[in-house]
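Grab a pencil and a molecular viewer. Here is a short set of exercises to work through, with solutions you can check yourself against.

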Amino acid sequence: MDIFALFAHYGLLALFVCVLVEQMGMPIPALPVIVVAGVASASNPIFALQALLVACVASTISDSIWFYSGKYFGRKVLGLLCRISISPDTCVRQSELNFARRGAATLVMAKFIPGVSMLASPLAGALGMKYGKFVLYNLTGILLWAGSGILFGLLFHEQAHQILDYLSNLGSTAMYVLLSCVGLYIAYRMWRRWATRRALAHIPRLAPNELFELITQGADLLILDVRAKVIATAESEHIPGARRIELTEIETISIETITSASKIITYCACPNDASALKAAQLLIKRGHPISVLKGGIDGWIKAGYAVALP
């Protein structure tokens, strides 16, 4: 199997497909193919520009699809992406926090952050970002991501040649090695997802009707909306009486200074209540009685209960 001969004929097509499929959410790493494109460019500098253009086009296509999916279908798209990409649900929370802290600049660095890459585009759409602004920042990020991979291949092309020559000499065995590596990568992603959920499985959950009953009974509650402020502001609706507080604030604030409630309820808008569960985990460690609203704000609205606006 001559890897370079194959790449000479099908390299740009392989690059386009790998980048497109990865950015659509499949757990297939495209960066190694980009690096190989950089290696192939050592003897043909024009190929580097072609590879960079192909990577930009493929990523822009998939990112634009997810941007408009987020724009028209909202946060439901994020849950879908978490499932098909085998990313932990906490990746949505990480993406939200990045947007809260850095705004549109998140798109520039998103490609370098595992789990955030495919979530940044739909989140930008869900937050109402203008498409022109999205393309500007996102394309900058693609150029940095793909360009650094190609540059790495160019700088270390001799070492890469030796490795690829070795794989070529292995014949069909090389294919099994590569498939095994991909399989291990997918297995690791699945294990991370399982481990994240297992770590939070012991936290009590409360159905919307149960919370509504507690509220109507006048129970001594503190309801915490732990969505990132940029998310909560964009979505605006919240459970009446809820107090907005970010995860970073929970880590530093003394809850005793803001409430003497006998029970605390956290909620968010993440897939599988990831942010609310993380907030609950932090508060449980500090000895507070916590429950998480199952389904978050979306579950509350779906159940038909009233919401308040700022």
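The exercises below go from confidence to cores, strands, salt bridges and aromatic rings.

**Exercise 1. Find out where confidence is lowest and where it is highest in this chain.**

Start with the basics: this is a predicted model. The mean pLDDT of the chain is 78, with 72% of the residues at 70 or more. Next, go helix by helix. Helix α12 (residues 229–235) comes out lowest, at a mean of 58. Helix α8 (residues 131–155) sits at the other end, at 93. A word of caution: where pLDDT is low, don't read the predicted coordinates in detail.

**Exercise 2. Work out which elements build the largest nonpolar core.**

Step one is to list the best-connected members. This core has 20 residues, and those touching the most other members are Leu 224, Val 226, Ile 250, Ile 264, Leu 283 and Val 292. Step two is to map the core onto secondary structure. At least two residues come from each of β2 (221–225), α13 (247–252), α14 (274–285) and β5 (290–293). Step three is to pick the main contributor: that's α14, which puts in 7 residues.

Don't stop there, though. There's a second core, separate from this one, with 16 residues, among them Ala 37, Ala 58, Trp 145 and Ile 150. As background, nonpolar side chains tend to be buried together in soluble globular proteins.

**Exercise 3. Decide whether helix α2 is enclosed or open, and list its buried residues.**

Count first: α2 spans residues 31–40, and 7 of its 10 residues are buried. That count is why you can call α2 largely enclosed by the rest of the structure. Now name them: Val 33, Ile 34, Val 35, Val 36, Ala 37, Gly 38 and Val 39 are the buried ones. Ala 37 should ring a bell, as it also belongs to the second core.

**Exercise 4. Describe the surroundings of strand β2 and its strand partners.**

Begin with burial. Because 4 of its 5 residues are buried, β2 is largely enclosed by the rest of the structure. Then look at the pairing. β2 runs parallel to β4 (residues 263–267), joined to that strand by 5 bridges. Within this pairing, Leu 222 faces Ile 264 of β4. β2 also pairs with β3, again in the parallel sense, over 2 bridges. Here Asp 225 is the residue opposite Arg 244 in β3. Keep that last pair in mind for the next task.

**Exercise 5. Locate the salt bridges and say how buried each partner is.**

A search of the whole structure turns up 2 of them.

- The side chains of Asp 63 and Lys 111 come together at 2.7 Å, N to O. Asp 63 is in helix α3 (residues 45–73) and Lys 111 is in the loop between α6 (106–109) and α7 (117–126), so the bridge ties together parts 48 residues apart in sequence. For burial, the cut-off is under 20% relative accessible area. Asp 63, at 1%, is therefore buried, and so is Lys 111, at 8%.
- The other bridge links the side chains of Asp 225 and Arg 244, at 3.8 Å, N to O. Since Asp 225 lies in β2 and Arg 244 in β3 (residues 243–244), the pair ties together parts 19 residues apart in sequence. Asp 225 is buried at 0%, while Arg 244 is partly exposed at 31%.

**Exercise 6. Compare the geometry of two aromatic pairs: Tyr 68 with Tyr 72, and Phe 212 with Trp 300.**

The full count is 10 aromatic pairs. Take the tyrosines: Tyr 68 and Tyr 72 are stacked, 6.1 Å centre to centre and with 15° between the planes. Both sit in helix α3, 4 residues apart, which is about one turn of the helix. Tyr 68 is partly exposed at 32%, and Tyr 72 is exposed at 60%.

Now the other pair. Phe 212 and Trp 300 are tilted, at 6.5 Å centre to centre and 55° between the planes. Phe 212 is in helix α11 (residues 208–216) and Trp 300 in helix α15 (residues 296–302), so this pair ties together parts 88 residues apart in sequence. Phe 212 is partly exposed at 33%, whereas Trp 300 is buried at 3%.

To finish, place the tyrosines in context: Tyr 68 and Tyr 72 form one aromatic cluster with Phe 67, Tyr 131 and Phe 134.

Definitions and conventions
Residues are numbered from 1 along each chain as its sequence is written. This is a predicted model: local features need pLDDT of at least 70, side-chain atom pairs count only at pLDDT 80 or more; totals for chains, interfaces and linings use all residues. Side-chain values use heavy atoms; hydrogens and water are left out. A nonpolar core is a set of buried Ala, Val, Leu, Ile, Met, Phe, Trp, Tyr and Cys residues joined through side-chain atoms within 4.5 Å. Buried means under 20% relative accessible area, exposed over 50%, partly exposed in between (1.4 Å probe, protein chains only). A salt bridge is a side-chain nitrogen of Lys or Arg within 4 Å of a carboxyl oxygen of Asp or Glu. pLDDT is the predictor's confidence in each residue, from 0 to 100. Two strands pair if DSSP finds at least two bridges between them. Rings of Phe, Tyr and Trp (its six-membered ring) pair if their centres lie within 6.5 Å; planes under 30 degrees apart count as stacked, over 60 as edge-to-face and the rest as tilted.
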